[in-house]
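Biologist: I would like to go through this model with you and ask how each label is earned. Could you take me through it step by step?

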Amino acid sequence: MTKSELIERVAQESGLTKGRAEMVVNTIFESMTHALVAGDGIEIRGFGSFTVRQYKAYEGRNPRTGDVVHVAPKRLPFFKVGKELRERVNGRWTPSEKVEPSPRPTEPSPPKPSFTRRRDENLSEDVI
Amino acid sequence: MTKADIVDKVCDRVGGFSKKEAADLVDQVFDTMKQVLETGEKIKISGFGNFVVRDKKPRPGRNPQTGDEITIEARRVLTFKPSNVLKVALNSGE
């Protein structure tokens, strides 16, 4: 689905003209963009949240040529899917949630080793 | 920023809506997106980014608290790939 298809569907279902629906949808994403540019996070309950992550400079490699590339420090938006949407996206694909009722292990843990911090979300970055 | 802030923006910028109407519309936009993503279809918002549903294969993993080996089940996850426009906007400030 593209943005214009989203606009059409919103127009159909709400009875708004396409022009008005377009203004609504554009305003939503523009205001989200402004928040992120200002460094603010966005939280949409049931959908997900966006945060801005700061990345330090690093030496990357062009995966095709193997050349070393200097990657400047940068800010990137990071999206974390909300609980409801995560379950809905996954829902019809695995037979049921019985295998994994909670996303994180919550069993009583004995001595508690020190590597809990490594449970970062996947910080995927483009190298090029 | 929360949904309420977005609703305020819609009221200010578009005009002609009550708060309630604007709130219903914003809900409708996100509900529509959820319905589409639930079917596995991706959503491309030009200037903002793409929401993509990806199938993950099962893989061996570990319970980080106990160190026990477990199998991470096959699942379907949602990823967001920011558009270049958004990435540039985030880095063109200072």
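What follows is a conversation about the contact between the chains, the sheets and the salt bridges.

Modeller: Happy to. Please keep in mind that this is a predicted model, and every value comes from computation on its atoms.

Biologist: Let us start between the chains. How many residues does each chain bring to the contact?

Modeller: Chain B gives 51 residues and chain A gives 56 residues. Together the two chains bury about 5400 Å², with 67% of that on carbon and sulfur atoms. On the chain B side, M1(B), Q65(B) and L90(B) lose the most area to chain A, together 14% of what that side buries.

Biologist: What makes E38(B) and R88(A) a salt bridge?

Modeller: Their closest N and O atoms are 2.9 Å apart. The cut-off is 4 Å between a side-chain nitrogen of Lys or Arg and a carboxyl oxygen of Asp or Glu, so a pair inside that distance earns the name. Side chains of opposite charge can pair when their charged atoms come close. The count of salt bridges between chain B and chain A is 3.

Biologist: And how many residue pairs are in polar contact between the chains?

Modeller: There are 15 such residue pairs between chain B and chain A, counting those with both residues at pLDDT 80 or more. As for where the chain B side comes from, α1 (3–14), α2 (19–38), β1 (43–45), β2 (49–56), β5 (75–82) and α3 (84–91) of chain B each supply at least two residues. The largest share, 12 residues, belongs to α2(B). By class, that side of chain B has 26 nonpolar, 11 polar and 14 charged residues.

Biologist: Now the sheets. Why are β1 and β5 of chain A said to stand at the edges?

Modeller: In chain A, 3 strands form an open sheet in the order β1-β2-β5, with antiparallel pairing. β1 (42–44) and β5 (74–81) of chain A each have a single partner strand, so one side of each is left without a neighbour in the sheet. The twist averages 25° from one strand to the next.

Biologist: How do you know that β1(A) pairs with β2(A)?

Modeller: By the bridges: 3 of them join β1(A) to strand β2 (residues 48–55) of chain A, and the two run antiparallel. The cut-off for pairing is at least two bridges, so a count of 3 qualifies. Within that chain, E43(A) stands opposite S49(A) in β2(A).

Biologist: What does the sheet of chain B look like, in strand order?

Modeller: There, too, 3 strands form an open sheet, in the order β1-β2-β5 with antiparallel pairing. β1 and β5 of chain B are at the edges with a single partner strand each, so each has one side without a neighbour in the sheet. The average twist from one strand to the next is 25°. β1(B) and β2(B) run antiparallel and are joined by 3 bridges, and I45(B) has G49(B) as its bridge partner in β2(B).

Biologist: What makes β3(B) and β4(B) a pair?

Modeller: Strand β3 (residues 59–62) and strand β4 (residues 69–72) of chain B run antiparallel and are joined by 4 bridges. R62(B) stands opposite E69(B) in β4(B). The two strands form a hairpin with 6 residues between them, and G67(B) in the turn has a positive phi of about 80°.

Biologist: Which residue has a positive phi in the turn of the chain A hairpin?

Modeller: G66(A), at about 85°, in the turn of the hairpin formed by β3(A) and β4(A). Those strands pair in the antiparallel sense over 4 bridges, and R61(A) stands opposite V68(A) in β4(A).

Biologist: One last label. Why are E87(A) and K83(A) separated by about one helical turn?

Modeller: Because they are 4 residues apart in helix α3 (residues 83–91) of chain A. Their side chains meet in a salt bridge at 3.2 Å, N to O. Over all chains, the structure holds 13 salt bridges.

Notes. Residues are numbered from 1 along each chain as its sequence is written. Chains are lettered from A and ligands numbered from 1 in the order in which they are written. This is a predicted model: local features need pLDDT of at least 70, side-chain atom pairs count only at pLDDT 80 or more; totals for chains, interfaces and linings use all residues. Side-chain values use heavy atoms; hydrogens and water are left out. Contact means heavy atoms within 4.5 Å. Buried area is the accessible area (1.4 Å probe) that two parts lose on being put together, summed over both. A polar contact is a pair of N or O atoms within 3.5 Å; within protein, one must be able to donate a hydrogen and the other to accept it, and residues adjacent in sequence count only if both atoms are side-chain atoms. Ala, Val, Leu, Ile, Met, Phe, Trp, Tyr, Cys and Pro count as nonpolar, Asp, Glu, Lys and Arg as charged, and the others, Gly among them, as polar. Axes are lines fitted to C-alpha atoms, for helices over the stretch in contact, and angles run from 0 to 180 degrees between N-to-C directions.
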